[in-house]
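Dear colleague,

Please find the structure below, together with a short account of what was found in it. I should be grateful if you would read the account with the structure open.

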Amino acid sequence: MINKIKEIVSSVKEEAIFNRRHLHRFPELSFQEYKTSQYIKSTLQSYAIDFEEVANTGVLAKIVGKKSVSDNTVILRADMDALPIHEENETDFTSRHNGVMHACGHDFHTANLLATLKVLKQMDDDFSGVVIGIFQPAEEKIPGGALAVLASEKLPSSAQNVKGVIGLHVSPGLEMGKVGVRAGKFMASADEIYLTVKGKGGHGAQPHLNIDPVIISAQLMVSLQQVVSRFANPAIPSVLSFGKVIANGATNVIPNEVYIEGTFRTMDESWRAQALQLIGKQIKELPEIYGATAELEIRRGYPALINDMELTSRISYSLKEYVSEDNFENLDIWMAAEDFAYYSQHYPSVFYFIGTGNVEKGITSALHTPTFQIDEEAFDHAIGGMVYSAMQLLS
Ligand SMILES: [Zn+2]
Ligand SMILES: [Zn+2]
């Protein structure tokens with residue numbers, strides 16, 4: 001079976017690269033993937049694969065295996081959106097949309113799922129059950145497109161017959177040819193913190209007449225680190241980072257207010273709720289001691305992504321068989337967030353990495369950077385590994 005899949009994969013690989021480059025040339029931001037959606041639909045049409053629209057720009061494709069009658073279902077998911085980044089690579093498929101770039105590989109994910117479905121369609125005599133392909137909008141922006149796909153109720157409602165939801169992500173940190181998987185806790189929840197500390201500005205030489213929001217903010221940010229260093233169970237990974245601090249005064253001007261943005265990430269839902277409460281309490285109470293006030297908004301992001309233990313071990317076994325033991329890596333946890341996590345709350349799910357870095361070719365830039373690139377040779381394992389895993393789950 002593996003040899004047969006490899007043969008068919010090699011016949012669709014060039015087209016996968018062509019599709020990926022087309023999508024790369026014309027990236028679209030979250031919730032605005034109109035042309036991308038059109039491209040997916042017309043490509044599916046050319047493969048004679050049934051589909052319906054979902055979540056505005058999303059697409060749900062469906063292939064029914066002909067081997068025997070079964071309502072077992074495997075769901076494969078790809079995200080479609082790009083990022084507000086101006087591409088600095090110079091290739092013949094560099095982004096034509098100023099300030100928008102596929103810098104997270106969602107062009108690869110979409111082309112990969114199209115190719116995977118094309119192969120499965122050609123092999124529909126070899127499996128029973130149903131394969132659903134989700135082309136999902138807006139992974140990069142909360143609330144995330146996954147919620148809208150799930151809310152549409154167009155996916156099978158009973159978790160009973162869903163053998164698993166499978167998603168993959170390109171990883172420039174993994175060499176091309178490798179596949180990386182982790183069972184259990186894999187990626188973090190991510191909540192966004194928006195904060196304004198309001199004091200009373202004035203002359204820098206007269207601090208006693210002002211309420212200095214700069215010093216209060218500095219103290220607050222240091223104090224908040226105790227939420228992760230003293231309150232968090234050391235066994236639960238937690239991160240609190242502030243990436244934006246604006247105190248628009250001068251050498252001799254204390255500003256009226258300081259604006260701060262940050263992120264809180266962890267891997268445990270009950271600790272997440274408790275930590276957000278602690279953060280809120282400190283932000284309210286600490287400035288009050290000094291006569292200042294704080295305005296806080298916490299935007300809840302994606303939950304933690306938990307890979308189902310049993311499903312992950314099955315998929316790992318299939319991937320090892322397909323890419324060979326040598327190319328299989330056990331991954332560490334990763335504190336980035338993914339809205340694939342919502343599927344993992346509803347169905348047994350597994351999200352894994354496909355190596356797309358290549359030091360020799362100079363393909364080393366990180367995700368979300370203007371020089372991010374992909375070694376497209378990775379399509380071999382990406383397409384084939386997904387096809388084989390899906391078929392094994394349905395067998
Ligand atoms: Zn991303
Ligand atoms: Zn991504």
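A charge is taken to sit over a ring if NZ of Lys or CZ of Arg is within 6 Å of the ring centre and within 35 degrees of the ring normal. The charged end of Lys320 meets this description over the ring of Phe328, at 4.8 Å from the ring's centre. Another such contact joins Arg299 and Tyr194: here the charged end of the arginine is 3.9 Å from the centre of the tyrosine ring. Please note that the model is a predicted one.

Aromatic contacts

Eight aromatic pairs are present in the structure. One of them can be followed step by step. In the pair of Phe264 and Trp271, the ring centres are 6.4 Å apart and the planes stand at 75°. Centres within 6.5 Å count as a pair and planes over 60 degrees apart count as edge-to-face, so Phe264 and Trp271 form an edge-to-face pair. Both partners are buried: Phe264 has a relative accessible area of 0%, and Trp271 has one of 4%. Elsewhere, Phe186, Trp334 and Phe353 make up one aromatic cluster.

The zinc ions

The zinc ion (ligand 2) has as its protein donors SG of Cys104, NE2 of His106 and NE2 of His169, at 2.1 to 2.4 Å from the ion. Along the chain these donors follow the spacing C-x1-H-x62-H. Cys104 and His169 come from distant parts of the chain, 65 residues apart: Cys104 belongs to the loop between β3 (73–79) and α3 (106–122), while His169 is in strand β5 (residues 162–175). Cys104 and His169 are both buried. Cys104 also coordinates the zinc ion (ligand 1), which is 3.2 Å from the zinc ion (ligand 2).

The largest pocket

The largest pocket has a volume of about 880 Å³. Its lining consists of 34 residues, of which Glu140, Lys141, Glu192, Arg265 and His368 are the closest to the centre. Three strands, β8 (189–198), β10 (238–246) and β12 (257–266), each contribute at least two residues to the lining of this pocket. Sorted by class, the lining comprises 17 nonpolar, nine polar and eight charged residues.

With kind regards

Methods:
Residues are numbered from 1 along each chain as its sequence is written. Chains are lettered from A and ligands numbered from 1 in the order in which they are written. This is a predicted model: local features need pLDDT of at least 70, side-chain atom pairs count only at pLDDT 80 or more; totals for chains, interfaces and linings use all residues. Side-chain values use heavy atoms; hydrogens and water are left out. On a 1 Å grid over the protein atoms alone, a cavity is a set of points where a 1.4 Å probe fits but cannot get out, and a pocket is an open set with protein on both sides within 12 Å along at least five of seven lines; lining residues have an atom within 4 Å of a point. Grid points are joined across faces, edges and corners, and a volume is the space filled by probe spheres set on the points. Helices (H or I, at least four residues) and strands (E, at least two) are DSSP runs, numbered from the N terminus. Ala, Val, Leu, Ile, Met, Phe, Trp, Tyr, Cys and Pro count as nonpolar, Asp, Glu, Lys and Arg as charged, and the others, Gly among them, as polar. Rings of Phe, Tyr and Trp (its six-membered ring) pair if their centres lie within 6.5 Å; planes under 30 degrees apart count as stacked, over 60 as edge-to-face and the rest as tilted. Buried means under 20% relative accessible area, exposed over 50%, partly exposed in between (1.4 Å probe, protein chains only). Donors are N, O and S atoms within 2.8 Å of the metal (3.2 Å for Na, K and Ca); water is not among the atoms, so sites may look incomplete.
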